[in-house]
Amino acid sequence: MAVLQQLTQESLADGLSFLAAQDSDLAKILEAYGSPPLWVREPGFATLLQIILEQQVSLASAKAVFARLQAVISPITPEQFLTLDDVQLRAIGFSRQKALYTSLLAQSIVVGQLDLASLSSMDDEDVRTTLKKMKGIGDWTVDIYLLMALRRPDSFPKGDLGLAVAVQKVKQLEYRPKPAELEAIAQIWRPWRALATRLLWHYYLSK
(Lines give C-alpha, C1' and ligand atoms only; values in the text may rest on other atoms or scores of the structure.)
Protein backbone atom coordinates (compact mmCIF):
# COMPACT_ATOMS: atom_id res chain seq x y z
CA MET A 1 0.00 0.00 0.00
CA ALA A 2 1.11 3.58 -0.61
CA VAL A 3 2.24 5.82 2.21
CA LEU A 4 -0.61 8.12 3.24
CA GLN A 5 -0.38 11.90 2.94
CA GLN A 6 2.43 13.42 4.97
CA LEU A 7 3.12 16.97 6.03
CA THR A 8 6.18 18.23 4.16
CA GLN A 9 8.09 21.48 3.92
CA GLU A 10 6.31 22.00 0.58
CA SER A 11 2.78 21.48 1.91
CA LEU A 12 3.54 23.61 4.98
CA ALA A 13 2.94 26.87 3.11
CA ASP A 14 -0.45 25.72 1.77
CA GLY A 15 -1.55 24.60 5.21
CA LEU A 16 -0.45 27.82 6.88
CA SER A 17 -2.29 29.92 4.29
CA PHE A 18 -5.45 27.91 4.94
CA LEU A 19 -5.15 28.27 8.72
CA ALA A 20 -4.46 32.00 8.56
CA ALA A 21 -7.57 32.48 6.42
CA GLN A 22 -9.69 30.35 8.75
CA ASP A 23 -8.56 31.73 12.10
CA SER A 24 -7.37 35.30 12.72
CA ASP A 25 -5.67 34.27 15.98
CA LEU A 26 -3.47 31.78 14.13
CA ALA A 27 -2.82 34.42 11.48
CA LYS A 28 -1.47 36.72 14.23
CA ILE A 29 0.86 33.98 15.50
CA LEU A 30 2.15 33.38 11.98
CA GLU A 31 2.73 37.10 11.46
CA ALA A 32 4.49 37.55 14.80
CA TYR A 33 6.58 34.36 14.97
CA GLY A 34 6.80 33.02 11.42
CA SER A 35 6.45 29.42 10.26
CA PRO A 36 6.75 26.72 12.93
CA PRO A 37 9.38 23.96 12.75
CA LEU A 38 8.17 20.63 11.36
CA TRP A 39 9.46 18.81 14.47
CA VAL A 40 9.92 15.57 12.55
CA ARG A 41 11.07 12.34 14.22
CA GLU A 42 12.16 9.11 12.57
CA PRO A 43 9.37 6.49 12.64
CA GLY A 44 10.18 3.39 14.66
CA PHE A 45 10.80 1.90 18.09
CA ALA A 46 13.23 4.55 19.39
CA THR A 47 10.81 7.40 18.69
CA LEU A 48 7.82 5.60 20.19
CA LEU A 49 9.91 4.78 23.27
CA GLN A 50 10.91 8.45 23.57
CA ILE A 51 7.26 9.57 23.39
CA ILE A 52 6.39 7.10 26.17
CA LEU A 53 9.18 8.65 28.26
CA GLU A 54 7.60 12.08 27.62
CA GLN A 55 4.24 11.06 29.09
CA GLN A 56 3.32 13.37 32.00
CA VAL A 57 6.85 14.72 32.55
CA SER A 58 8.78 17.71 31.22
CA LEU A 59 10.40 17.33 27.80
CA ALA A 60 13.78 18.17 29.38
CA SER A 61 13.43 15.33 31.89
CA ALA A 62 12.44 12.80 29.20
CA LYS A 63 15.25 14.00 26.93
CA ALA A 64 17.81 13.42 29.71
CA VAL A 65 16.61 9.85 30.27
CA PHE A 66 16.62 9.15 26.52
CA ALA A 67 20.18 10.52 26.24
CA ARG A 68 21.34 8.24 29.07
CA LEU A 69 19.71 5.29 27.30
CA GLN A 70 21.52 6.21 24.05
CA ALA A 71 24.79 6.23 25.97
CA VAL A 72 24.15 2.62 27.04
CA ILE A 73 22.70 1.17 23.81
CA SER A 74 23.09 2.59 20.32
CA PRO A 75 21.22 2.22 18.08
CA ILE A 76 18.12 1.85 20.25
CA THR A 77 16.47 -1.27 18.83
CA PRO A 78 13.94 -3.59 20.51
CA GLU A 79 16.52 -6.39 20.62
CA GLN A 80 19.16 -4.17 22.24
CA PHE A 81 16.64 -2.70 24.65
CA LEU A 82 15.63 -6.16 25.90
CA THR A 83 19.23 -6.85 26.99
CA LEU A 84 18.67 -4.32 29.82
CA ASP A 85 17.06 -5.49 33.07
CA ASP A 86 14.83 -3.49 35.42
CA VAL A 87 17.73 -2.46 37.64
CA GLN A 88 19.60 -1.00 34.66
CA LEU A 89 16.50 0.76 33.38
CA ARG A 90 15.82 2.30 36.80
CA ALA A 91 19.44 3.49 36.96
CA ILE A 92 18.99 5.17 33.56
CA GLY A 93 15.91 6.95 34.89
CA PHE A 94 12.93 4.84 33.81
CA SER A 95 10.05 4.72 36.26
CA ARG A 96 8.78 1.24 37.13
CA GLN A 97 5.73 1.78 34.91
CA LYS A 98 7.67 3.09 31.92
CA ALA A 99 10.21 0.28 32.20
CA LEU A 100 7.28 -2.14 31.96
CA TYR A 101 5.57 -0.34 29.06
CA THR A 102 8.72 -0.04 26.95
CA SER A 103 9.81 -3.62 27.63
CA LEU A 104 6.39 -4.94 26.59
CA LEU A 105 6.55 -2.77 23.47
CA ALA A 106 10.00 -4.14 22.57
CA GLN A 107 8.85 -7.72 23.16
CA SER A 108 5.76 -7.28 20.98
CA ILE A 109 7.94 -6.04 18.11
CA VAL A 110 10.54 -8.82 18.50
CA VAL A 111 7.92 -11.59 18.45
CA GLY A 112 6.15 -10.03 15.45
CA GLN A 113 2.99 -9.02 17.28
CA LEU A 114 3.49 -5.38 16.30
CA ASP A 115 4.95 -4.16 12.99
CA LEU A 116 5.66 -0.43 13.28
CA ALA A 117 6.61 -0.18 9.59
CA SER A 118 3.07 -1.19 8.62
CA LEU A 119 1.61 1.88 10.34
CA SER A 120 2.66 4.14 7.46
CA SER A 121 0.06 2.54 5.20
CA MET A 122 -2.79 2.67 7.77
CA ASP A 123 -5.21 5.54 8.24
CA ASP A 124 -5.04 7.49 11.50
CA GLU A 125 -7.76 5.54 13.29
CA ASP A 126 -6.25 2.16 12.39
CA VAL A 127 -2.89 3.39 13.72
CA ARG A 128 -4.68 4.41 16.93
CA THR A 129 -6.41 1.04 17.30
CA THR A 130 -3.16 -0.86 16.66
CA LEU A 131 -0.97 1.13 19.05
CA LYS A 132 -3.52 1.34 21.86
CA LYS A 133 -3.45 -2.45 22.14
CA MET A 134 -0.04 -1.94 23.76
CA LYS A 135 -0.04 -1.44 27.52
CA GLY A 136 0.87 2.14 28.46
CA ILE A 137 0.03 3.66 25.06
CA GLY A 138 -2.96 5.99 25.08
CA ASP A 139 -4.37 8.67 22.82
CA TRP A 140 -1.74 11.33 23.55
CA THR A 141 1.14 8.97 22.69
CA VAL A 142 -0.60 7.90 19.47
CA ASP A 143 -1.35 11.51 18.53
CA ILE A 144 2.27 12.60 18.99
CA TYR A 145 3.52 9.60 16.99
CA LEU A 146 1.04 10.37 14.20
CA LEU A 147 2.02 14.04 14.25
CA MET A 148 5.81 13.80 14.47
CA ALA A 149 6.82 10.38 13.14
CA LEU A 150 4.12 9.71 10.53
CA ARG A 151 3.62 13.45 9.86
CA ARG A 152 -0.13 13.16 9.40
CA PRO A 153 -1.50 16.63 8.62
CA ASP A 154 -4.67 16.38 10.72
CA SER A 155 -3.45 14.58 13.85
CA PHE A 156 -4.55 16.54 16.92
CA PRO A 157 -3.17 15.84 20.43
CA LYS A 158 -6.17 17.25 22.31
CA GLY A 159 -4.72 16.00 25.62
CA ASP A 160 -1.48 18.00 25.29
CA LEU A 161 -0.86 20.49 28.10
CA GLY A 162 1.31 22.89 26.07
CA LEU A 163 -1.34 23.02 23.36
CA ALA A 164 -4.10 23.75 25.90
CA VAL A 165 -2.06 26.55 27.54
CA ALA A 166 -1.32 28.11 24.14
CA VAL A 167 -4.97 28.00 23.05
CA GLN A 168 -6.05 29.57 26.36
CA LYS A 169 -3.67 32.49 25.85
CA VAL A 170 -4.28 32.95 22.13
CA LYS A 171 -8.06 32.76 22.46
CA GLN A 172 -7.99 34.78 25.72
CA LEU A 173 -10.03 32.18 27.58
CA GLU A 174 -10.65 32.51 31.33
CA TYR A 175 -9.62 28.90 31.95
CA ARG A 176 -7.55 26.22 30.27
CA PRO A 177 -9.73 24.35 27.75
CA LYS A 178 -10.40 20.66 28.35
CA PRO A 179 -9.68 18.12 25.56
CA ALA A 180 -13.29 18.11 24.33
CA GLU A 181 -13.31 21.92 24.18
CA LEU A 182 -9.99 21.93 22.34
CA GLU A 183 -11.42 19.50 19.81
CA ALA A 184 -14.43 21.77 19.26
CA ILE A 185 -12.22 24.86 18.80
CA ALA A 186 -10.04 22.92 16.34
CA GLN A 187 -12.86 21.95 13.98
CA ILE A 188 -12.20 24.97 11.75
CA TRP A 189 -8.55 23.94 11.43
CA ARG A 190 -9.35 20.66 9.67
CA PRO A 191 -7.66 19.13 7.65
CA TRP A 192 -4.55 20.88 9.03
CA ARG A 193 -4.92 20.41 12.80
CA ALA A 194 -1.40 18.97 13.13
CA LEU A 195 -0.04 22.13 11.55
CA ALA A 196 -2.20 24.32 13.80
CA THR A 197 -0.74 22.37 16.74
CA ARG A 198 2.80 23.10 15.56
CA LEU A 199 1.92 26.77 15.19
CA LEU A 200 0.51 26.91 18.73
CA TRP A 201 3.54 25.05 20.16
CA HIS A 202 5.74 27.54 18.27
CA TYR A 203 3.87 30.39 20.00
CA TYR A 204 4.05 28.64 23.40
CA LEU A 205 7.80 28.05 23.15
CA SER A 206 8.48 31.55 21.78
CA LYS A 207 6.61 33.10 24.69
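H2 and H12 sit oblique to each other, and that follows from the angle, since the label goes to whatever is left once angles under 35 degrees (roughly parallel), over 145 (roughly antiparallel) and 65 to 115 (roughly perpendicular) are taken out. Helix H2 covers residues 24–33, and it packs with H12 at an angle of about 55 degrees with the axes 10 Å apart. Here axes are lines fitted to C-alpha atoms, for helices over the stretch in contact, and angles run from 0 to 180 degrees between N-to-C directions. Helices are DSSP runs (H or I, at least four residues), numbered from the N terminus.

Before going on, a word on what you're looking at: this is a predicted model, in which local features need pLDDT of at least 70 and side-chain atom pairs count only at pLDDT 80 or more, while totals for chains, interfaces and linings use all residues. Residues are numbered from 1 along each chain as its sequence is written, and side-chain values use heavy atoms, with hydrogens and water left out.

Back to the first helix pair. The crossing of H2 and H12 is left-handed, meaning the near helix is turned anticlockwise from the far one by less than a right angle (clockwise would be right-handed). On the H2 side, Leu26, Ile29, Leu30 and Tyr33 make the contact, and H12 brings Ala196, Leu199, Leu200, His202, Tyr203 and Ser206; contact means heavy atoms within 4.5 Å. Sorted by class, these residues come out as eight nonpolar, two polar and no charged. Ala, Val, Leu, Ile, Met, Phe, Trp, Tyr, Cys and Pro count as nonpolar, Asp, Glu, Lys and Arg as charged, and the others, Gly among them, as polar.

Follow the chain past H2 and you come to Trp39, in the loop between H2 and H3. Its phi is near 50 degrees, a positive value in a residue other than glycine.

Next up is H3 (residues 45–53), which packs with H7 at an angle of about 160 degrees, again with axes 10 Å apart. That angle makes H3 roughly antiparallel to H7. The crossing here is right-handed. Phe45, Leu48, Leu49, Ile52 and Leu53 from H3 meet Lys98, Tyr101, Thr102, Leu105, Ala106 and Ile109 from H7, a set with nine nonpolar residues, one polar and one charged.

The third pair is H8 with H9, at about 135 degrees and with axes 10 Å apart. That makes H8 oblique to H9, and the crossing is right-handed. Asp124, Val127, Arg128 and Leu131 of H8 touch Asp139, Val142, Asp143, Tyr145 and Leu146 of H9. The split in this contact is five nonpolar, no polar and four charged.

Now for the pockets. A pocket is an open set of points on a 1 Å grid over the protein atoms alone, where a 1.4 Å probe fits and protein lies on both sides within 12 Å along at least five of seven lines; lining residues have an atom within 4 Å of a point. The largest has a volume of about 810 Å³, where volume is the space filled by probe spheres set on the points, joined across faces, edges and corners. Its lining takes in 25 residues, with Glu54, Val57, Leu59, Trp140 and Asp160 nearest the centre. H4 (59–72), H7 (96–110), H9 (139–149), H10 (161–170) and H12 (193–206) each supply at least two residues of that lining. By class, it holds 12 nonpolar, eight polar and five charged residues.

The second largest pocket has about 210 Å³ of space. Thirteen residues line it, and Glu125, Arg128, Asp143, Phe156 and Arg193 are the closest to its centre. H8 (124–131) and H9 are the elements that give two or more residues to this lining. Its classes read two nonpolar, one polar and 10 charged.

Finally, look for two cis peptide bonds. One joins Ser74 and Pro75, with omega about 0 degrees, and Pro75 lies in the loop between H4 and H5 (78–81). Another joins Arg190 and Pro191, also with omega about 0 degrees; Pro191 belongs to the loop between H11 (179–185) and H12.
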